[in-house]
Amino acid sequence: MHGRLGTNGGERRDADDEGTGTDAGRADVGRNDRGDNKGGNRGDDRGGNRGGNRGNDRGDDRRDRNGERAVWTRAPLGGGATLDLLTARFDRHRYAPHCHEEFTVGVCVAGREIIDYRGGRLDVGAGAVVVLAPGETHTGRPAPGDDGYAYRAIYPAPRLLAEATRGLPHFREAVVDDRELASALYAAHTALSGDAATDALTAFTAESRLAWLLSTLAHRHGSARPAPDAVPGAAALARAVRDRLAEDLRTPPSLAELAAETGLSRYQLLRAFRTTMGMPPYAWLAQHRVARARGLLEAGRRPAEVAGLVGFADQAHLTRWFRRVTGVTPAAYRTSVRPAGPVPEGRNTVQDATP
């Protein structure tokens with residue numbers, strides 16, 4: 001997992017809520033990233049072609065005649081911070097010894113890779129999570145006799161992993177066998193390297209999931225003690241964050257901005273909000289947008305118009321969340337609740353419903 005030079009039961013349940021549930025999707029780790037494969041992960045794993053990685057810095061997109069490729073993406077994390085991501089497929093390439101200033105957190109999604117690290121040799125197979133510490137020299141190459149390997153990697157700054165622990169976590173084992181976490185990291189990587197930069201809710205969701213997944217990685221597999229979960233005044237803080245999100249449905253603040261306003265880390269903010277509201281902030285924001293969309297639809301607005309008014313990227317984005325919350329499409333809802341005549345006075349007028 002290379003490129004640029006430079007736990008407990010409750011935690012497992014929370015990881016399900018944040019990263020591996022319905023919203024994130026379960027990635028088929030180990031099957032979909034075999035190079036330029038037969039249509040797998042279209043738009044995300046084709047070297048940035050045909051709309052993949054829209055709106056992001058693509059960095060190096062190199063594909064030689066052997067089909068090898070490496071695609072860099074830089075995703076926003078809020079507060080001016082960014083995160084570098086790499087999607088790669090190599091048949092022959094051998095990395096020279098190098099190190100990174102950040103952590104390297106990668107998922108091998110196909111084949112086998114050999115990494116020289118800390119005086120030993122790591123044999124990394126599909127489905128494994130790899131965690132390499134900042135400043136640690138390492139290499140990388142295809143395993144002998146294999147068809148090459150494919151992987152997804154993120155390069156988080158040390159502070160992102162330290163937010164949920166007392167001090168910087170140390171990972172004694174560089175290769176982690178945690179298929180649930182691997183699937184969630186894959187899904188987060190896909191979201192961050194795709195359209196996260198072009199839509200506020202998508203970016204907010206990806207940032208929240210990443211913060212939660214990195215804290216899960218540190219808690220489950222790192223040696224540092226977890227930071228206290230209890231946040232004094234959590235309920236009041238969560239309600240303040242809720243009201244802040246409701247102020248502007250179209251351009252919500254980032255998770256980093258909300259954390260700075262409340263004096264909490266991203267991890268603490270997510271904990272406090274979920275404990276109080278029963279869902280992460282991005283899910284609350286989405287369902288609140290849906291609630292406002294219902295009023296607009298009842299007032300006669302069309303779904304395509306409503307999507308923009310409540311902050312969704314487009315009608316398809318509205319439809320996905322609307323069905324998750326109500327079980328029906330916006331068009332079907334509008335048809336079923338619209339009266340035959342004029343809207344009765346005082347009942348869900350445009351003025352009442354407009355954000």
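**Helix α3 and its surroundings in a predicted model**

Author: In this predicted model, 12 of the 14 residues of α3 are buried, so the helix is largely enclosed by the rest of the structure.

Reader: Which residues of α3 are buried?

Author: A residue counts as buried under 20% relative accessible area. In α3, the residues that meet this are Glu 180, Leu 181, Ala 182, Ser 183, Ala 184, Leu 185, Tyr 186, Ala 187, Ala 188, His 189, Thr 190 and Leu 192.

Reader: How far does α3 reach from its first C-alpha to its last?

Author: Helix α3 covers residues 179-192, which is 14 residues. At 1.5 Å a residue the expected span is 20 Å, and the helix is close to that, reaching 20 Å.

Reader: Is Arg 152 buried or exposed?

Author: Arg 152 lies in strand β9, residues 149-155. The cut-off for buried is under 20% relative accessible area. Arg 152 has 2% relative accessibility, so it counts as buried.

Reader: Which side chain does the side chain of Arg 152 join in a polar contact of 3.1 Å?

Author: Arg 152 belongs to strand β9. One of the buried residues of α3 is His 189. The polar contact of 3.1 Å joins the side chain of Arg 152 to that of His 189.

Reader: How are α4 and α7 oriented, parallel or perpendicular?

Author: The axes of α4 (residues 200-221) and α7 (residues 266-277) come within 9 Å and cross at roughly 105°. Angles of 65 to 115 degrees count as roughly perpendicular. Therefore α4 is, relative to α7, roughly perpendicular.

Key:
Residues are numbered from 1 along each chain as its sequence is written. This is a predicted model: local features need pLDDT of at least 70, side-chain atom pairs count only at pLDDT 80 or more; totals for chains, interfaces and linings use all residues. Side-chain values use heavy atoms; hydrogens and water are left out. Helices (H or I, at least four residues) and strands (E, at least two) are DSSP runs, numbered from the N terminus. Buried means under 20% relative accessible area, exposed over 50%, partly exposed in between (1.4 Å probe, protein chains only). A polar contact is a pair of N or O atoms within 3.5 Å; within protein, one must be able to donate a hydrogen and the other to accept it, and residues adjacent in sequence count only if both atoms are side-chain atoms. The expected span of a helix is 1.5 Å times one less than its number of residues. Axes are lines fitted to C-alpha atoms, for helices over the stretch in contact, and angles run from 0 to 180 degrees between N-to-C directions. Angles under 35 degrees count as roughly parallel, over 145 as roughly antiparallel, 65 to 115 as roughly perpendicular and the rest as oblique.
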